[in-house]
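The following exercises concern a single protein chain and are each followed by a worked solution. Please examine the sequence and the model before attempting them.

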Amino acid sequence: MVTKTKTMSLSLTLLLFILVSTVSVTSTLRNLSPAAENKGVWCVANNKATDEQLQANIDWCCSYEGGFRDCTPINPGGVCYEPNTLRDHASYVMNLYYQNLGSTKDQCTFNGTGTQVRKDPSHGACIFISY
């Protein structure tokens, strides 16, 4: 009887370990692949925005007042540095702001320089998140 109880206990422990491991691996893989989590709406710079407006959006989104988004991906050597254009860099940080503040149309206005899109603007290793 003691052996049977130990065997059942060991079996339950092993089953629990496998379940926890599976959840952990799945969560880790999900965190490593944010593109797979995209819900399908992004905020990017529109074609009417001037270079001055785009630079102002970058400056604000990367500032303390703008919530100090992680702008390292658009810096030289960052995964979103290329293409090195104001429109691409602004789109990346504008989308971070938009996604982190609830993904509502109001968070994508940027004084008339932002627009919501349903086509994923991610490219290469540069992933535009979408919650």
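**Exercise 1. Determine which element gives the largest share of the lining of the largest pocket, and list the residues that line this pocket.**

Solution. The largest share of the lining comes from α2, with four residues. The model is a predicted one. The full lining consists of Gln 53, Ala 56, Asn 57, Trp 60, Tyr 97, Asp 106, Gln 107, Cys 108, Thr 109, Phe 110, Asn 111 and Thr 113. The space in this largest pocket comes to about 180 Å³.

**Exercise 2. Compare the end-to-end distance of helix α3 with the span expected for its 15 residues.**

Solution. Helix α3 covers residues 86-100. The expected span is 1.5 Å times one less than the number of residues, and for the 15 residues of α3 this gives 21 Å. The C-alpha atoms at the two ends of α3 are 21 Å apart, which agrees with the expectation. Just after α3, Gly 102 has a positive phi of about 105°.

**Exercise 3. Is helix α3 largely enclosed or left open by the rest of the structure? Identify what covers its buried residues.**

Solution. The criterion for a buried residue is a relative accessible area under 20%. In α3, the residues that satisfy it are His 89, Ala 90, Ser 91, Tyr 92, Val 93, Met 94, Asn 95, Leu 96, Tyr 97, Tyr 98 and Gln 99. Because eleven of the 15 residues are buried, α3 is largely enclosed by the rest of the structure. The cover over these buried residues includes β1 (42-45), α2 (51-61) and β2 (114-117).

His 89 serves as an example from this helix. Its relative accessible area is 7%, so His 89 counts as buried. Neighbours within four places in sequence aside, His 89 is in contact with Ile 58, Ile 74, Cys 80, Tyr 81, Pro 83 and Asn 84.

**Exercise 4. Find which residues touch the most other members of the largest nonpolar core, and which element contributes its largest share.**

Solution. The largest nonpolar core has 25 residues, and within it Ile 74, Tyr 92 and Val 93 touch the most other members. Two or more residues are given to this core by each of β1, α2 and α3. The largest share, seven residues, comes from α3. In soluble globular proteins, nonpolar side chains tend to be buried together.

The contacts of Tyr 92 may then be listed. With residues up to four places away in sequence left out, Tyr 92 touches Asp 70, Pro 73, Ile 74, Cys 80, Cys 126, Ile 127 and Phe 128.

**Exercise 5. Locate the disulfides of the whole structure and state their connectivity pattern.**

Solution. A search of the whole structure yields three disulfides. They are taken in turn below.

- Cys 43 is joined to Cys 108, with an S to S distance of 2.1 Å. The torsion about this S-S bond is about 90°, so the disulfide between Cys 43 and Cys 108 is right-handed. Cys 43 lies in strand β1 and Cys 108 in the loop between α3 and β2, so the pair ties together parts that are 65 residues apart in sequence. Cys 43 and Cys 108 are both buried.
- Cys 62 is joined to Cys 71, with an S to S distance of 1.8 Å. A torsion of about -95° makes the disulfide of Cys 62 and Cys 71 left-handed. Both of these cysteines are buried.
- Cys 80 and Cys 126 are bonded, with sulfur atoms 1.9 Å apart. The torsion is about 105°, so the disulfide of Cys 80 and Cys 126 is right-handed. This pair links distant parts of the chain, with Cys 80 in the loop between α2 and α3 and Cys 126 in the segment after β2, 46 residues apart. Cys 80 and Cys 126 are buried.

Counting bonded cysteines along the chain gives the pattern 1-5, 2-3, 4-6.

**Exercise 6. Explain why the sulfur of Cys 61 is not in a bond with the closest cysteine sulfur.**

Solution. A disulfide requires sulfur atoms within 2.5 Å. The closest cysteine sulfur to that of Cys 61 belongs to Cys 62 and lies 6.5 Å away, too far for a bond. Cys 61 has 0% relative accessibility and therefore counts as buried.

**Exercise 7. Classify Ala 125 as buried or exposed, and give the separation of its C-alpha atom from that of Val 79.**

Solution. Ala 125 is placed in the segment after β2. Its relative accessibility is 57%, so Ala 125 counts as exposed. The C-alpha atoms of Ala 125 and Val 79 are separated by 5.9 Å, although the two residues are 46 residues apart along the chain.

Conventions. Residues numbered from 1 in each chain as written. Predicted model: local features only at pLDDT ≥ 70, side-chain atom pairs only at ≥ 80, totals over all residues. Heavy atoms only, no water. Buried < 20%, exposed > 50% of the residue type's maximum accessible area, 1.4 Å probe, protein only. Contact = heavy atoms within 4.5 Å. Core = buried A, V, L, I, M, F, W, Y, C linked by side-chain atoms within 4.5 Å. 1 Å grid on protein atoms, 1.4 Å probe; cavity = no way out; pocket = protein on both sides within 12 Å on 5 of 7 lines; lining within 4 Å. Points joined across faces, edges and corners; volume = space filled by probe spheres on them.
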